[in-house]
Amino acid sequence: MLDTVLQQLLIGLTNGMVFALVALGYTMVYGILEFINFAHGDVFMLSAFVALTLCGALGLNEHSSAAALAGGLLLCIVASSVFGGLLNLLIDRVVYKPLRKAPKLAPLVSAIGVSFILQNVGLFWGGMAMDVFGGGGQAAAPKAFPNLLPATNLLGATSKITLQPKDVLVIGASLVMMTALYGIVRFTKLGKAMRATAQDPSAARLMGIDVDQVVAATFLIGGALGGFASVIYSLYINTVHYQMGYQNGLYAFTAAVVGGIGNIPGAVLGGLLLGLVRAFSDQFIGAQWQPAVLFGILIVILVFRPAGLLGSTAREKV
Amino acid sequence: MPELRTFFKKIGGLPVLALVLLAVYPFAPVLDWGLEAATGQALHIDRQLVNIFIFSLLALALNLQVGQAGLLQLGIAAFFAIGAFTTGVLTVEKYPFQIGFWGAMLIAPLFGAMGGFLLGAPTLRLRGDYLAIVTLGFGEVMRIVLLNLENITDGPRGLNPVPAPWLPTLVRESLSPAGDASIGVLRAMYFLALIVLAATVVCLSLLEKSRIGRAFVALREDELAASCMGIEPARIKLAAFTGGAALAGLAGCFYATNLTTTAEPNTYDFNYSIMVLCCLIIGGLGSLRGALLGAGLLLGFDNVISPLLTRLLQTALGGESTHVMASFSNWRWIVFGTALVVMMRLRPEGLWPSSRVAEELHETQEDAS
């Protein structure tokens with residue numbers, strides 16, 4: 001029993017880290033622009049396809065040499081992060097930016113539209129990746145992501161709890177990224193500008209802050225975090241699927257709301273909490289109830305504590 | 001009733017003409033003949049029209065909530081599913097109720113309304129985008145619950161067969177040419193859906209001008225000002241939400257009866273809710289005619305234009321290509337997504353807006369510039 005609990009704790013923690021990274025992208029955009037960037041989960045999904053395509057192009061698999069694997073992994077992480085950041089920035093420039101002064105419904109609906117377009121691109125990408133790198137099945141079927149890390153148990157082969165190098169990578173790399181983000185937001189000039197803009201965009205503008213630039217940086221950083229998360233998630237789950245952004249995006253958004261949307265530490269807390277709840281509900285309630293449990297929590301939190309666990313009560317701007 | 005008289009004076013000939021044309025269409029399917037001659041394939045437009053009528057009911061339900069009352073809800077499929085599964089439970093052989101279509105038609109909206117009331121009462125006070133997320137979450141929870149309560153809903157198989165509506169023998173026989181009962185059932189559904197849709201449109205346009213309809217619009221435009229004028233936001237919002245949910249339940253009842261099954265719960269997913277929202281955005285949020293136009297365009301695209309284009313694409317590629325891009329139905333999310341983005345940018349009021357919404361939107365744009 002204790003083993004099971006510890007094992008689920010570990011699974012929940014690793015899952016929660018990924019949720020937290022994606023949730024940061026939602027929460028940062030919401031903090032500044034007050035709209036739900038529905039397309040964020042799909043930026044995450046397409047970044048995973050970038051990593052998958054790179055692995056295919058480089059011919060990486062579990063039999064490659066250790067040096068090739070390390071280099072390939074690093075390349076995947078850099079490429080996916082850059083891709084995620086730039087794609088997010090592009091979407092903002094082309095789609096959301098012209099709607100800044102429109103009624104609130106407009107960017108939200110546009111984001112849903114962009115999400116659909118990206119999902120469809122993912123579907124086609126899946127079809128093309130098969131044409132290029134071989135492998136059968138349908139375009140819509142999940143694609144196997146190569147296992148780039150050894151599947152040994154770090155706690156010894158006899159241990160009842162499994163701790164693999166990929167778990168360590170997910171937790172370690174996420175912590176590094178979150179610390180870096182915290183450093184940027186807390187200590188740099190850009191971070192100060194971001195916090196000021198989130199508090200009051202027009203006052204920030206009066207203080208000489210280039211709000212457009214801050215928004216662009218927010219989309220860039222959020223997208224890059226999503227792209228980074230997509231690689232470690234794919235490594236962890238070992239599959240890539242064109243709808244993975246939709247579900248994970250919704251969960252990550254839930255995490256952001258649970259922690260208090262717009263609140264950066266809140267997103268991390270919410271992500272971890274959601275990851276743990278998911279792991280334990282899968283174990284003790286049943287995986288088929290997973291979405292119902294997680295969205296049930298979302299509804300309960302929104303009804304009884306709409307500001308989230310860490311959020312202050314934000315008044316709706318009219 | 002003076003309201004009714006001004007109503008008929010105001011609507012003019014177009015809706016009446018459309019209604020008459022639709023009423024005679026099953027007996028003289030001109031479009032079918034034309035398209036069959038052109039493409040060599042029977043398209044069964046009358047069957048598609050039944051789907052469009054039912055989908056229009058659903059679009060009108062969402063329009064009441066989102067378009068008129070301004071409550072952004074992303075889980076309309078949940079109430080649609082409540083209607084369909086209520087109808088399933090009340091009519092299939094597995095259960096002792098077996099009250100038939102007519103009873104289910106009265107009870108399904110009640111259950112829809114109950115669901116709307118129970119969800120709306122605690123959540124409608126939430127700010128706009130939080131409400132969107134709660135309703136989205138509710139839609140997913142409903143789908144998962146229906147999927148997993150296999151003892152009640154038969155899980156992924158859905159409840160079936162849902163029986164066709166009972167009709168007096170005289171009506172049934174006059175609708176079935178040469179004793180072909182299946183065409184009779186199709187036509188019965190066609191006329192039932194058409195009548196209910198027409199009645200709904202009349203009721204909703206009367207509602208639009210009524211005291212409560214004007215309260216919806218006032219709340220949508222400015223909650224603070226509206227409440228200063230003595231409108232109770234909580235009650236009015238709940239009324240719109242519950243009403244929309246009831247109408248969605250009715251649409252669900254028709255859907256299940258027309259399909260003869262409740263279909264699997266995964267049908268009623270987030271994408272389905274968004275499809276309905278798509279209709280409204282394309283046709284024009286808050287506009288009855290826009291909702292009808294949007295429903296027609298969307299289902300027309302899915303069921304008529306998309307198969308036609310796929311066939312053209314296949315001919316152009318020379319033969320049967322199995323590539324994912326060679327089937328036009330795989331492009332539908334790009335088409336819908338682009339439609340949403342472009343509409344929001346160029347014509348946020350929709351293709352056929354109500355004059356009021358169009359004016360409001362252009363006003364705000366002028367203010368902003």
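Q: What makes a residue of chain A count as buried, and what percentage of the 318 residues do so?
A: A residue is buried if 20 or more other C-beta atoms, placed from the backbone, lie within 10 Å of its own (exposed: 12 or fewer; partly exposed: in between). In chain A, 49% of the 318 residues count as buried. This is a predicted model, in which local features need pLDDT of at least 70 and side-chain atom pairs count only at pLDDT 80 or more, while totals for chains, interfaces and linings use all residues. Residues are numbered from 1 along each chain as its sequence is written, and chains are lettered from A and ligands numbered from 1 in the order in which they are written.

Q: How do you know whether chain A is as compact as a globular protein of its length?
A: Compare its radius of gyration, taken over C-alpha atoms, with the globule rule, 2.2 Å times the number of residues to the power 0.38. The radius is 20 Å, close to the 20 Å that the rule gives for 318 residues, so chain A is as compact as a globular protein of that length. Its C-alpha trace spans about 60 × 45 × 35 Å along the principal axes.

Q: What makes up chain A, in helices and strands?
A: Chain A has eleven helices and two strands, where helices (H or I, at least four residues) and strands (E, at least two) are DSSP runs numbered from the N terminus. Along the sequence the pattern is α-α-α-α-β-α-α-α-α-β-α-α-α.

Q: How do you know whether the span of α5 of chain A agrees with its number of residues?
A: The expected span is 1.5 Å times one less than the number of residues. For the 23 residues of α5 (165–187) that gives 33 Å, and the end C-alpha atoms are 32 Å apart, which agrees.

Q: Which residues of α5(A) are buried, and what covers them?
A: The buried residues are A:Val170, A:Ser174, A:Met177, A:Met178 and A:Leu181. Their cover includes α1 (2–33), α8 (211–237) and α10 (264–284) of chain A.

Q: Why is the passage of α1(A) by α5(A) called left-handed or right-handed?
A: A crossing is left-handed if the near helix is turned anticlockwise from the far one by less than a right angle, and right-handed if clockwise. α1(A) passes α5(A) in a left-handed crossing. Their axes (lines fitted to C-alpha atoms over the stretch in contact, with angles from 0 to 180 degrees between N-to-C directions) come within 10 Å and cross at roughly 35°.

Conventions:
Contact = placed C-beta atoms within 7 Å.
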